[in-house]
Amino acid sequence: MKKILAILMVLALVFCTFAACSKKEDTSADQAATDQAKTDTESSGTDYSKIKIGLICLHDENSTYDNNFIQAMKEVQKELNLSDEQVLIKMNIPESDACYTAAAELADAGCNIVFADSFGHESYMLQAAKEFKDVQFCHATGTTAHTEKLDNFHNAFAAIYEGRYLAGVAAGMKLNEMIKDGKITADKAKIGYVGAFPYAEVKSGYTSFFLGARSVCESATMDVVYTNSWFDIALEREAALNLINSGCVLISQHADSEGAPKACEEKGVPDVSYNISTIPMGPNTALISSKIDWAPYYKLVIDAVAKGTSIDTDYVGTFATGSVKLTELNDKVAAEGTQAKLDEVEAQLKAGTLHVFDTAKFTVGGKTLDNYKADVDSDDKFTPDTEVVKDGYFHESEFRSAPYFDVIIDGITEK
Amino acid sequence: MSKPVKAAKEPLFHIAKRNSMIWWKAWLIRGIAIVAALIVCALIIVLLTKQNPIEVYGAMIKGSFGSERKMWTLFQNIAMLLCISLAVTPAFKMKFWNLGAEGQVLIGGLCSMVCMFNIGDRLPNALLILIMLVASILGGIIWGIIPAVFKAKWNTNESLFTLMMNYIAIQLVSFAIMVWVPSGSSVMGLVNASTNAGWLPDLFGQKYLINILIVAFLTVAMYIYLRSSKHGYELAVVGESENTARYIGIDVKKVIIRTMILSGAICGLAGFLLVSGTNHTISKDLAGGNGFTAIMVSWLAKFNPILMIITSFLIAFLQRGAGEIATSFNLNTSVADILTGVIIFFIIGCEFFINYQVKSTRSMNKEEKK
């Protein structure tokens with residue numbers, strides 16, 4: 001008996017080895033295809049041979065947030081025909097001295113551009129920027145570049161609030177459809193929102209989403225719950241289920257796991273997500289997602305370094321730059337005419353005729369928001385310092401790239 | 001069905017405890033284990049990633065020794081891991097399973113940060129650093145002494161107790177950060193970046209050198225303490241048998257509490273070195289899992305502080321190498337972690353062959369006949 005078992009196990013091992021080998025051949029075929037693609041695009045004129053980019057990520061591909069940065073980098077690498085030696089990615093770098101070490105090592109390795117993707121990386125990137133003056137340090141979601149005023153330290157973000165507004169429009173149309181079909185009455189059009197942390201980035205996001213929904217469905221209201229974590233499948237699932245049980249008929253989220261979309265699919269409640277299309281995990285409920293595409297910013301910076309031109313201290317990607325995107329609309333879930341409406345609103349946003357935070361469209365404590373001082377310049381005491389309401393709208397992401405809209409408007413309840 | 005029944009079916013192998021092994025034989029087995037681990041890893045590398053294993057191993061070495069900065073970072077990582085390992089060792093030798101190093105380090109770091117954050121700009125730097133040091137050590141002691149007192153007085157289970165104290169420490173740190181940084185993203189960032197108040201100064205232009213020297217000194221001190229002091233002897237006896245200890249007049253309760261004070265104090269010191277000498281910030285990941293890795297370092301070295309230099313070097317080297325191969329070969333860090341896991345598995349596994357011998361039943365029977 002033991003001998004038979006042993007023979008079986010050996011056979012299994014041999015089989016596995018062959019399986020692994022044949023898979024290997026597949027990937028080398030893929031590689032050949034990429035090489036072909038590389039040679040095809042080799043004609044843009046700018047010399048990228050001296051470019052070497054380092055990317056520092058808080059987590060790895062398993063986090064939708066970091067994956068978004070990594071995939072965009074790989075796309076750019078392919079498009080600009082950069083070799084593997086020219087793109088170094090360091091994953092799982094914590095927000096500590098390890099980030100400075102990673103940045104310094106990348107600079108030592110000859111990188112002339114270093115990116116970092118997490119908010120907490122900022123002060124370590126800054127530390128490295130002061131030491132390596134010839135290297136450009138670009139930090140996503142950071143807030144201090146405009147006050148530090150270094151030539152080689154830059155912040156970047158995207159006007160994702162515009163993307164969320166648009167996703168909100170799709171959600172509002174869905175609510176209208178539910179009302180029209182008699183599934184709910186107008187006063188029951190309550191949205192549930194699973195947020196990560198009670199910070200400006202999340203508040204700005206859910207407010208723009210809500211304003212988008214209410215622009216088409218006037219009776220919409222919204223409940224927000226926080227999970228106090230960027231990535232927690234169980235908590236996000238629980239939060240979504242609680243919201244659904246308390247009467248929310250549509251869910252959206254600003255947290256990085258599949259917890260909420262899957263809970264929605266189980267309960268048959270429409271869901272709007274972020275960063276990735278959730279249609280594969282919720283074919284009957286995933287409506288649409290908004291996302292930031294970092295590729296345009298990478299290319300901008302690479303171009304600037306290759307040509308020796310300067311880089312914006314604060315960069316805000318928009319629909320126009322291709323940085324703000326919506327993922328595929330799920331026709332199975334979306335209300336009729338949604339795509340046409342989205343195109344129309346997107347054109348208005350691009351043209352600047354429509355402002356997401358138009359003060360005529362919302363109230364705070366029953367009053368119009370005539371003036372608001374936001375904490376734009378970071379300091380220890382978090383003192384509000386900049387007037388951000390003028391010309392009838394709240395100027396989000398204009399005085400620095402990272403969001404600073406942190407007001408709770410009427411119609412939204414934080415639970 | 002009336003065949004003569006064989007004597008009870010015997011297994012193919014027998015495992016027997018070895019008496020002892022000559023030192024060079026033991027090291028030969030360890031050497032073979034490392035070579036075997038490298039061969040298995042090479043297979044994994046070739047099959048999964050189709051890279052050249054020699055190049056991958058080269059990159060691992062480069063990750064630790066590729067530049068001056070990398071070497072200093074390696075030494076710093078060794079120093080921190082070693083410091084926490086030194087902290088857990090006396091408790092382990094006493095068979096007090098202190099799984100709370102992570103929390104003790106965190107509390108030590110938190111105490112440093114409280115001083116750095118609140119009185120950083122009001123005191124001369126030397127005095128501030130001294131206060132931070134004392135505060136950290138006290139914090140670590142408090143976190144270590146609570147489970148020790150409960151163990152000594154009511155014989156509570158110290159593994160669960162210390163483990164749970166970790167969570168309290170994590171929540172306290174999260175709470176403190178929320179109070180200090182009410183907006184943003186729950187991230188402290190560098191504290192006192194402009195004044196460097198509470199930062200351990202560079203020595204000969206090297207920012208980690210003070211950390212490394214302190215831990216080097218501590219290693220020697222711990223070696224002497226465990227080997228030659230009365231305390232060291234007492235805690236070893238308590239570890240072997242509490243009844244024997246009582247019989248020869250050792251106050252077991254006192255030894256447990258005293259040893260955990262020492263353990264907690266060194267963890268607190270590690271917290272201080274991480275906040276003041278390394279990160280200049282605090283987060284709940286301050287200890288970065290080293291509180292648990294330290295257990296392995298300490299066990300692998302059989303609680304010998306000098307050997308722990310080698311084991312902590314091994315772990316730190318593998319960690320740094322793993323990061324390097326992930327970056328230079330564009331692999332997911334999980335692949336690097338698999339390789340690290342295989343190597344550690346072999347190294348721990350070979351200890352089995354040093355302590356036990358495996359004999360096939362047939363050869364044993366032959367011996368008996370003789």
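Start in chain B by selecting helix α11(B): the cover over its buried residues includes α3 (68–93), α4 (101–119), α12 (305–328) and α13 (333–355) of chain B. Keep in mind as you go that this is a predicted model.

**Stop 1: inside α11(B)**

Show the side chains of α11(B), residues 290–300 of chain B. Which of its residues are buried? They are B:Asn290, B:Gly291, B:Thr293, B:Ala294, B:Val297, B:Ser298 and B:Leu300. Then step past the end of the helix to B:Lys302, which follows α11(B) and has a positive phi, near 50 degrees.

**Stop 2: α4(B) against α11(B)**

Now add α4(B) to the selection. Two packed helices are described by the angle between their axes and the distance between the axes. For α4(B) and α11(B), the angle is about 130 degrees and the axes are 7 Å apart. That angle falls outside the ranges for roughly parallel, antiparallel or perpendicular, so the two helices are oblique to each other. Turn the view until one helix lies over the other: α4(B) passes α11(B) in a right-handed crossing.

Zoom in on the residues that touch. From α4(B), pick B:Ala101, B:Glu102 and B:Val105; from α11(B), pick B:Gly291, B:Phe292 and B:Ala294. Colour them by class and you will find 4 nonpolar, 1 polar and 1 charged residues in this contact. Two of the names may look familiar from the previous stop, as B:Gly291 and B:Ala294 are among the buried residues of α11(B).

**Stop 3: where chain A meets chain B**

Zoom out and bring in chain A. How many residues does each chain give to the contact? Chain A gives 30 and chain B gives 27. On the chain A side, select α1 (2–40), β2 (87–90), α3 (97–108) and α4 (122–131), each of which gives two or more residues. The largest share, 5 residues, comes from α3(A). Coloured by class, the side of chain A that touches chain B shows 12 nonpolar, 7 polar and 11 charged residues.

**Stop 4: the two domains of chain A**

Hide chain B and colour chain A by its domain assignment: domain 1 is 53–159 + 294–317, and domain 2 is 160–293 + 320–414. Their C-alpha centres lie 28 Å apart. The contact takes 24 residues from domain 1 of chain A and 20 residues from domain 2 of chain A.

To see the domain 1 side, select α2 (64–79), α5 (145–148), β5 (153–158), α10 (295–307) and β11 (314–317) of chain A, each of which supplies at least two residues. By class, this side has 12 nonpolar, 11 polar and 1 charged residues.

Terms used: Residues are numbered from 1 along each chain as its sequence is written. Chains are lettered from A and ligands numbered from 1 in the order in which they are written. This is a predicted model: local features need pLDDT of at least 70, side-chain atom pairs count only at pLDDT 80 or more; totals for chains, interfaces and linings use all residues. Domain bounds come from an automatic or database domain assignment. Two residues are in contact if their C-beta atoms, placed from the backbone, lie within 7 Å. Helices (H or I, at least four residues) and strands (E, at least two) are DSSP runs, numbered from the N terminus. Ala, Val, Leu, Ile, Met, Phe, Trp, Tyr, Cys and Pro count as nonpolar, Asp, Glu, Lys and Arg as charged, and the others, Gly among them, as polar. A residue is buried if 20 or more other C-beta atoms lie within 10 Å of its own, exposed if 12 or fewer, and partly exposed in between; C-beta atoms are placed from the backbone. Axes are lines fitted to C-alpha atoms, for helices over the stretch in contact, and angles run from 0 to 180 degrees between N-to-C directions. Angles under 35 degrees count as roughly parallel, over 145 as roughly antiparallel, 65 to 115 as roughly perpendicular and the rest as oblique. A crossing is left-handed if the near helix is turned anticlockwise from the far one by less than a right angle, and right-handed if clockwise.
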